[in-house]
Amino acid sequence: MILADIFGLDAQEVFDKLTEKLSGWLDILILNLPNFLLAIIIVIGTIAIARILRKFSAKYIQKLGTGETISQFLSQLIFIAVIVMGIMLSLSVMDLSKTVSSILAGLGIIGLALGFAFQDTAANFISGVYITFKQPYKLGDIIHTHEGHEGVVTHINLRVTKIRTFNGPIVYVPNRHLFQESFTNFTEYAKRRVQIECGVSYGDDLEKVEKVALEAARNVPSRLKSEEPTLFWTGFGDSSINFTLNVWCAYTNSHLDFIAVRNEAIISLKKAFDKNDIMIPFPIRTLDFGIRGGVQLENQLSALRNSSETNSASSSEN
């Protein structure tokens with residue numbers, strides 16, 4: 001009231017206006033109290049129902065044959081949809097339809113702004129949705145990413161894919177990289193070819209080498225018996241004639257199958273070559289001497305000795 005007197009206002013008039021305003025608000029609150037309480041009950045009930053639906057939908061959707069990631073994603077969508085419906089219903093009960101329209105318009109603008117601000121996050125999310133439904137890889141698959149990470153897929157969510165590498169560390173790969181770039185899925189085909197690169201001496205009989213190598217490949221215990229081993233000559237090397245021996249192995253969810261077959265194939269090939277006197281040569285270097293090349297060291301030394309002897313004989317005669 002002192003402030004009213006200072007600004008030249010009638011204190012009683014100010015008091016009456018404040019009382020009238022507060023009284024009007026109290027009347028509105030009393031009139032809308034049942035609706036407000038009902039709106040609170042609707043929100044609380046909606047949250048409870050949404051949680052129950054999320055729990056049971058995740059369980060039953062997975063029973064329909066979908067993966068764990070898909071069932072969790074769909075159950076989360078159901079949870080959000082029920083919550084949004086409950087909020088809209090509670091606002092309608094409080095006769096705030098215009099407010100609902102304003103909120104929807106505001107959410108649209110906010111969503112557009114956030115879309116520009118978090119483009120990478122949005123790209124990861126959309127990629128995660130694609131990966132979840134199309135399943136180019138699934139939990140337990142062995143993949144090799146474009147960046148060179150190779151390992152077992154242990155977790156897939158809507159933002160990243162978790163890969164446990166064969167050396168132990170865990171790699172988190174953003175889903176957009178696996179969506180936009182190439183990657184290799186070793187598990188999907190369920191079998192894999194093991195390639196053993198080797199070379200033999202130029203003096204060995206190549207037909208004999210091929211026969212011995214293929215027989216050694218057939219004796220590999222862990223190989224896939226439904227696929228016949230093959231051998232391809234790849235070219236003439238510096239010290240050897242090179243070839244690739246191909247052996248197939250079953251390849252599902254374990255990288256150890258590939259390693260076992262590769263180890264057994266190398267051991268079997270080496271034993272077979274030793275038994276049949278086939279040489280895997282060491283690197284050989286041939287040195288040429290002379291100004292124009294093509295002269296062996298022995299001939300070069302012999303020529304130098306002869307030249308030295310000739311010079312010595314000429315000096316003696318003189």
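# Exercises on a predicted model

Glu-215, Arg-218 and Glu-228 are linked in a network of salt bridges. Keep that trio in mind for Exercise 2. The model is predicted.

## Exercise 1: Take stock of the chain

Task: State how many helices and strands the protein chain has, and what share of its residues count as buried.

Solution.
- Step 1. Start with the elements. The protein chain has 9 helices and 8 strands.
- Step 2. Turn to burial. The chain has 318 residues, and 27% of them count as buried.
- Step 3. Look at the surface. Its accessible area is about 21500 Å², with 61% belonging to carbon and sulfur atoms.
- Step 4. Check the contacts. Take those between residues at least 6 apart in sequence: 61% of them join residues at least 24 apart.

## Exercise 2: Read the salt bridges

Task: Find the salt-bridge partner of Arg-218 with the closest N and O atoms 2.6 Å apart, and explain which parts the pair ties together.

Solution.
- Step 1. The partner is Glu-228; the closest N and O atoms are 2.6 Å apart.
- Step 2. Place both residues. Arg-218 lies in helix H7, while Glu-228 is in the loop between H7 and strand S7 (230-236).
- Step 3. Draw the conclusion. The two are 10 residues apart in sequence, so the bridge ties together a helix and a loop.
- Step 4. Add accessibility. Partly exposed runs between 20% and 50% relative accessible area. Arg-218 has 33%, so it counts as partly exposed. Glu-228, at 42%, is also partly exposed.

Task: Compare that pair with Asp-274 and Lys-270, whose side chains meet in a salt bridge.

Solution.
- Step 1. The N to O distance for Asp-274 and Lys-270 is 2.7 Å.
- Step 2. Both residues sit in helix H8, 4 residues apart, which means about one helical turn separates them.
- Step 3. Lys-270 is partly exposed, with 42% relative accessibility.

Task: Decide whether each partner in the salt bridge of Asp-141 and Lys-138 is buried or partly exposed.

Solution.
- Step 1. The side chains of Asp-141 and Lys-138 meet at 3.6 Å, N to O.
- Step 2. Asp-141 has a relative accessible area of 3%. That is under the 20% cut-off, so Asp-141 is buried.
- Step 3. Lys-138 reaches 45%, so it is partly exposed.
- Step 4. Put the bridges in context. The structure holds 5 salt bridges.

## Exercise 3: Find the cores

Task: Name the residues with the most contacts inside the largest nonpolar core, and the elements that each supply at least two of its residues.

Solution.
- Step 1. This core has 27 residues. Phe-243, Leu-245, Leu-269 and Phe-273 have the most contacts inside it.
- Step 2. Two strands, S6 (191-200) and S8 (241-250), and two helices, H7 (206-218) and H8 (256-275), each supply at least two residues.
- Step 3. Zoom in on Phe-243. Leave out neighbours within four places in sequence. Its contacts then include Ile-196, Val-209, Trp-233, Leu-269 and Phe-273.
- Step 4. Look for another core. A second, separate one has 9 residues, including Ile-131, Tyr-137, Ile-143 and Ile-163.
- Step 5. Recall the general trend. In soluble globular proteins, nonpolar side chains tend to be buried together.

## Exercise 4: Trace the open sheet

Task: Give the strand order of the open sheet of 5 strands and identify its edges.

Solution.
- Step 1. The order is S4-S3-S2-S1-S5, with antiparallel pairing.
- Step 2. The edges are S4 (170-174) and S5 (184-185), as each pairs on one side only.
- Step 3. Follow the pairs. S1 (residues 142-144) meets S5 over 2 bridges. S1 and S2 (residues 150-156) are joined by 3 bridges. S2 and S3 (residues 160-165) pair over 5 bridges.
- Step 4. Follow one row across. Ile-143 has Asn-185 as its bridge partner in S5. Ile-143 also stands opposite Gly-151 in S2. Gly-151 in turn stands opposite Thr-165 in S3.
- Step 5. Mark the hairpins. S1 and S2 form one with 5 residues between them; in its turn, Gly-148 has a positive phi of about 100°. Another joins S2 to S3 through 3 residues.

## Exercise 5: Check a loop and a patch

Task: Decide whether Ser-239 is buried or exposed, and list what it touches.

Solution.
- Step 1. Ser-239 is in the loop between S7 and S8.
- Step 2. Its relative accessibility is 12%, so Ser-239 counts as buried.
- Step 3. Leave out residues up to four places away in sequence. Ser-239 then touches Tyr-202, Pro-281, Phe-282, Pro-283, Ile-284 and Arg-285.

Task: Name the residues of the nonpolar surface patch that contains Ile-40.

Solution.
- Step 1. The patch is formed by Phe-36, Leu-37, Ile-40 and Ile-44, with about 360 Å² of accessible area together.
- Step 2. Ile-40 is in helix H2 (residues 11-63).
- Step 3. Ile-40 has 33% relative accessibility, so it is partly exposed.

Methods. Residues are numbered from 1 along each chain as its sequence is written. This is a predicted model: local features need pLDDT of at least 70, side-chain atom pairs count only at pLDDT 80 or more; totals for chains, interfaces and linings use all residues. Side-chain values use heavy atoms; hydrogens and water are left out. A nonpolar core is a set of buried Ala, Val, Leu, Ile, Met, Phe, Trp, Tyr and Cys residues joined through side-chain atoms within 4.5 Å. Buried means under 20% relative accessible area, exposed over 50%, partly exposed in between (1.4 Å probe, protein chains only). Contact means heavy atoms within 4.5 Å. A salt bridge is a side-chain nitrogen of Lys or Arg within 4 Å of a carboxyl oxygen of Asp or Glu. Accessible areas come from the Shrake-Rupley method with a 1.4 Å probe; for residues, only the protein chains shown count as cover. Patches are made of residues with over 30% relative accessible area and no salt bridge: like charges are joined within 9 Å, nonpolar side chains (Val, Leu, Ile, Met, Phe, Trp, Tyr) within 5 Å. Two strands pair if DSSP finds at least two bridges between them.
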